[in-house]
Amino acid sequence: MEFVHDSHRQRVRFASGAATQAVAEEAAALGGHRVMVIASDRERALAEQVTAGLPVTVWHNEVVMHVPTEVSERARSAAVAGEIDLIVSVGGGSTTGLAKAVALRDSPKAGTPILAVPTTYAGSEATNVWALTEGETKTTGVDDGVVPRTIVYDASLMMTLPLELSVASGLNALAHCIDSMWAPRTDPIDKALAGEGIRALASGLRAVVTDPQQLDGREQTLYGAYLGAVVFGSAGSGLHHKICHVLGGMFNLPHAETHAIVLPHVLAFNTPNAADAERRIAEAFRAAGGEPVGAQDGLRSLRADVDAPRALRDIGMPEAGIDKAVAAVLAAAPAGNPTPMNQENIHELLGGAWAGEEP
Ligand code: NAD
């Protein structure tokens with residue numbers, strides 16, 4: 001065995017139903033005397049609840065998916081004007097992404113600590129990956145300075161997340177786990193964590209769908225989502241993430257749903273040439289219950305149970321986009337993908353995902 005595995009220095013606190021107290025304690029531990037709260041209007045009520053009692057000098061609610069540069073500039077200006085020393089982000093991946101933009105190395109507030117309170121399963125809070133979008137071009141990069149110092153996970157904050165979005169977001173987290181089985185920097189630690197993430201997400205998501213207001217399923221899903229984010233950050237983007245990145249940017253598709261739809265097609269594409277990944281994924285689905293015999297059966301059964309979204313055409317991708325995306329996917333795809341890629345097989349993969357075929 002020869003590998004290098006980096007872990008981030010980050011404090012992770014699970015506190016179901018107790019975010020307000022946990023956030024107050026963690027903000028004080030980080031020395032927050034002038035706090036910037038970032039939360040969109042949709043998460044304002046949750047944010048007010050969990051930041052009650054904090055010394056807030058800036059409330060910032062302009063949150064836009066994929067972090068357009070002008071939006072990040074306005075957030076940075078507000079942070080400077082408020083002389084902030086701590087950012088508390090309450091929301092999904094878009095909100096965490098804006099907090100990262102304020103703390104990014106070229107910002108006047110570079111290195112400001114972030115306390116992240118996630119309200120979806122996207123997982124940005126556990127990675128050093130940042131994104132900024134200039135016009136139609138989304139640029140991503142890594143900077144350890146944007147890794148939130150502390151995460152407070154409170155599963156009760158997920159109760160307001162609509163069921164369809166809960167499912168899509170949870171499957172986005174599942175994609176982090178599955179894609180990390182063959183991503184460029186994957187290692188045995190990533191694969192072990194990813195297997196546990198798949199197990200937790202598969203059982204958690206089924207419980208969420210059975211009863212969205214039940215805490216246990218939300219907790220399991222959140223725990224699996226954290227593991228998925230850790231392995232995604234460590235292993236990097238595999239074929240699945242590259243495809244979703246291309247499609248999301250080209251056709252402005254919703255992030256979580258795109259991942260949820262593309263995932264079974266990439267799994268079917270890669271498993272014939274990835275025996276170890278196939279075995280690990282199948283084992284993880286079996287550990288979550290049910291009777292799958294293989295990785296694809298496990299995912300198929302889960303997707304049926306949670307009524308997963310099926311077709312890219314349903315979320316706004318034009319059919320002509322298939323031809324357009326093939327070259328971009330081939331250019332972006334990682335060289336070491338288990339199944340060699342060419343125009344025909346990527347076209348077939350995208351066509352299946354567009355039409356919603358069962359792979
Ligand atoms: P999002 O943050 O855009 O949230 C989706 C919608 O759900 C929004 O309308 C939001 O207001 C709403 N919402 C969020 N939490 C809610 C709650 N508890 N109750 C009710 N409504 C709620 O979407 P997302 O899927 O969480 O994040 C997607 C973004 O995150 C993308 O831009 C993606 O690229 C980024 N991302 C980055 C990383 C990384 O490592 N940098 C990882 C994953 C995702």
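**Exercises on a predicted model**

Phe-3 sits in the segment before β1 (11-14); helices (H or I, at least four residues) and strands (E, at least two) are DSSP runs, numbered from the N terminus. Before you start: this is a predicted model, where local features need pLDDT of at least 70 and side-chain atom pairs count only at pLDDT 80 or more, while totals for chains, interfaces and linings use all residues. Residues are numbered from 1 along each chain as its sequence is written, and side-chain values use heavy atoms, with hydrogens and water left out.

**Exercise 1.** Work out whether Phe-3 counts as buried, partly exposed or exposed.

*Solution.* Start with the cut-offs: buried means under 20% relative accessible area, exposed over 50%, and partly exposed in between (1.4 Å probe, protein chains only). Next, take the value for Phe-3, which is 36%. So Phe-3 is partly exposed.

**Exercise 2.** Check whether the span of helix α7 (residues 215-235) agrees with its number of residues.

*Solution.* The expected span of a helix is 1.5 Å times one less than its number of residues. With 21 residues, α7 should span 30 Å. Now look at the end C-alpha atoms: they are 30 Å apart, so the two agree. As an extra step, 15 of the 21 residues are buried, so α7 is largely enclosed by the rest of the structure. After α7 comes Gly-236, with a positive phi near 85°.

**Exercise 3.** Describe the surroundings of Glu-43 and find out what its charge pairs with.

*Solution.* First, place it: Glu-43 is in the loop between β2 (35-38) and α2 (44-50). Then list its contacts (heavy atoms within 4.5 Å). Leaving out residues up to four places away in sequence, Glu-43 touches Val-90, Gly-91, Gly-92, Thr-95 and Thr-119. Now for the charge: Lys and Arg count as positive, Asp and Glu as negative, and His and the chain ends are not counted. A salt bridge needs a side-chain nitrogen of Lys or Arg within 4 Å of a carboxyl oxygen of Asp or Glu. For Glu-43, the nearest side chain of opposite charge is Arg-42, 5.6 Å away. Glu-43 is buried, yet has no salt bridge.

**Exercise 4.** Say what stands out about phi in Glu-83 and Asp-307, and where they sit.

*Solution.* Recall that most residues other than glycine have a negative phi. Glu-83 isn't a glycine, but its phi is positive, about 45°. Glu-83 is in the loop between α3 (69-81) and β4 (86-91), and at 53% it counts as exposed. Asp-307 also has a positive phi, near 55°. Its place is the loop between α11 (295-306) and α12 (321-332), and at 65% Asp-307 is exposed.
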